There are 2 protein chains.
Amino acid sequence: MRVAVARRSGETRVVLSGPDGARVLPFHTLAEAFAAGVLDDPSRFDGEPIASDEDLDLAPVVMGAGKVLCVGHNYRQHILEMGHGLPDYPNVFSKFNDALVGPNDPIALSDDATLWDWEAELALVIRKPAHRISTDVAEEFIAGYTVANDISARDWQRRSSQWLLGKTFERTTPVGPWLVTSDELDLSAGLTITCHVDGVEKQRSSTADLLFGPAYLVAYLSQVITLQPGDVILTGTPGGVGAAREPQERLTPGQVVTTEISGIGRLHNVCVAPEYTSSDN
Amino acid sequence: MRVAVARRSGETRVVLSGPDGARVLPFHTLAEAFAAGVLDDPSRFDGEPIASDEDLDLAPVVMGAGKVLCVGHNYRQHILEMGHGLPDYPNVFSKFNDALVGPNDPIALSDDATLWDWEAELALVIRKPAHRISTDVAEEFIAGYTVANDISARDWQRRSSQWLLGKTFERTTPVGPWLVTSDELDLSAGLTITCHVDGVEKQRSSTADLLFGPAYLVAYLSQVITLQPGDVILTGTPGGVGAAREPQERLTPGQVVTTEISGIGRLHNVCVAPEYTSSDN
């Protein structure tokens with residue numbers, strides 16, 4: 001099953017896509033749909049059928065998530081090629097919901113930052129409340145997977161020891177297009193993850209190279225705080241980011257970032273210089 | 001004017017206290033009350049009068065805040081005594097809403113962490129949306145001030161470069177008791193901030209020693225993301241934390257943490273070892 005969140009008539013609606021086609025459900029967010037039991041028995045839920053997925057105006061699929069958790073340094077090869085040892089614990093930070101944009105939305109490169117960079121990532125979404133669970137049961141708590149790009153302002157990220165501000169500029173993090181439920185994916189075999197900028201490949205790896213996998217991350221984070229339905233975890237990026245290139249590269253307005261994970265989907269986002277109204281200044 | 005959020009009959013209600021006594025308003029959160037215009041003209045709002053503030057069961061006054069922002073290393077004397085130079089930029093991280101507890105609630109010291117520490121802090125609350133504003137107008141965007149203690153699990157905080165997990169354990173961060181509106185406080189003179197553990201003074205400073213003051217922080221953060229009504233910023237802690245003592249000190253279940261800022265109020269929280277139900281494990 002695939003689940004998206006589409007913008008329709010000024011609000012958002014959950015869209016379900018299965019073998020029988022796609023239909024629009026009366027829920028605004030994944031959290032609402034999960035609470036109603038959509039994942040348990042989708043056939044119970046009627047909705048307006050739609051002819052084609054293509055025309056949907058997709059919002060970030062995890063829109064309204066209570067928690068957006070992110071992991072740094074989590075692909076083995078990338079850690080080792082950077083000359084680091086493998087860490088004992090995940091390096092976890094967060095971003096605010098207002099940073100998220102839809103899978104085809106513009107990425108707003110604020111002129112307050114200069115070193116904009118890409119970070120293709122596998123993201124997982126929580127299905128039901130998880131508190132102090134163990135890794136061996138953690139997969140039950142994962143609704144499914146989607147694609148994200150943790151676009152980062154490296155100059156702001158490096159202004160202090162904590163990365164938050166470089167990671168949470170408004171309208172910078174595309175997430176989507178669809179949430180693909182766990183039963184449709186075999187992560188153990190590894191999914192190919194890529195990032196292209198203006199059609200040039202910048203990142204290519206396999207999710208099999210993740211040091212801390214989805215189940216481990218869910219269990220680990222659940223020791224600290226209860227993960228809730230609709231919460232999202234961005235699991236980290238492989239090598240090939242602009243800051244690690246020689247010479248360094250950066251994103252600029254007009255460029256197109258394409259982020260893809262095999263079996264899940266593709267983000268296609270144009271970088272723009274946001275226009276601010278006079279009241280903003 | 002003073003504003004609190006109290007628990008009444010299974011939900012929360014905003015309580016307003018002014019020269020004419022206190023009354024319970026039909027709002028659940030500060031954000032709702034601010035949106036309705038309570039700060040602009042409190043006399044417009046009727047509510048159930050209450051005889052005494054003393055009997056209120058207070059929730060964290062910023063309960064439901066969309067963003068909980070925190071600043072590290074922000075008291076000049078403390079930075080210098082630690083041998084650091086003064087930083088050019090605020091060091092900003094966040095915590096999740098589920099970390100917050102009321103001003104008299106227990107602090108849950110999870111047995112998954114061992115090095116629990118105190119951090120008395122001045123917190124400010126946002127009054128109206130702030131996006132790319134300048135420092136000289138930022139005070140208009142601050143509703144008022146309250147007290148917080150950014151209780152930290154130092155062992156988790158130090159597991160990786162990012163502090164989030166050590167800062168966001170569930171039910172660890174007391175905030176309150178009341179929000180005191182800006183017109184009732186003169187921060188330029190400096191407010192005395194203290195933290196006592198079991199009656200022994202551990203921290204004492206003045207908010208006049210803040211390197212990055214409230215207006216600067218609001219303007220700075222508004223460059224990255226729109227601050228919304230009810231969002232809260234914890235402005236950092238002065239010297240005297242347990243981790244910086246010789247020998248190091250830590251909090252344990254049974255201890256009482258008292259956090260106070262002159263002119264604002266006092267938090268009184270007992271540390272407990274949380275009991276987890278079997279379904280949690």
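Q: What does contact mean here?
A: Contact means heavy atoms within 4.5 Å. The model is predicted, so to speak of local features takes pLDDT of at least 70, side-chain atom pairs count only at pLDDT 80 or more, and totals for chains, interfaces and linings use all residues, while side-chain values use heavy atoms, without hydrogens and water. Residues are numbered from 1 along each chain as its sequence is written, with chains lettered from A and ligands numbered from 1 in the order in which they are written.

Q: And why do the copies meet through the same surface?
A: Because 100% of the interface residues of chain B are also interface residues in chain A.

Q: How does chain B lie on chain A?
A: A turn of 180 degrees with a shift of 0.0 Å along the axis lays chain B on chain A with an RMSD of 0.0 Å (least squares on C-alpha atoms of residues with pLDDT of at least 70 in both). The two copies are thus related as by a two-fold rotation axis, and in chain B the C-alpha nearest that axis belongs to Gln162(B), 3.0 Å from it.

Q: Switching topic, what joins S2(B) to S3(B)?
A: A hairpin through 2 residues; the strands (DSSP runs of E, at least two residues, numbered from the N terminus) run antiparallel with 4 bridges, where a pair needs at least two bridges found by DSSP.

Q: What stands opposite Val24(B) there?
A: Val15(B) does, and in S4(B) the bridge partner of Val24(B) is Glu48(B).
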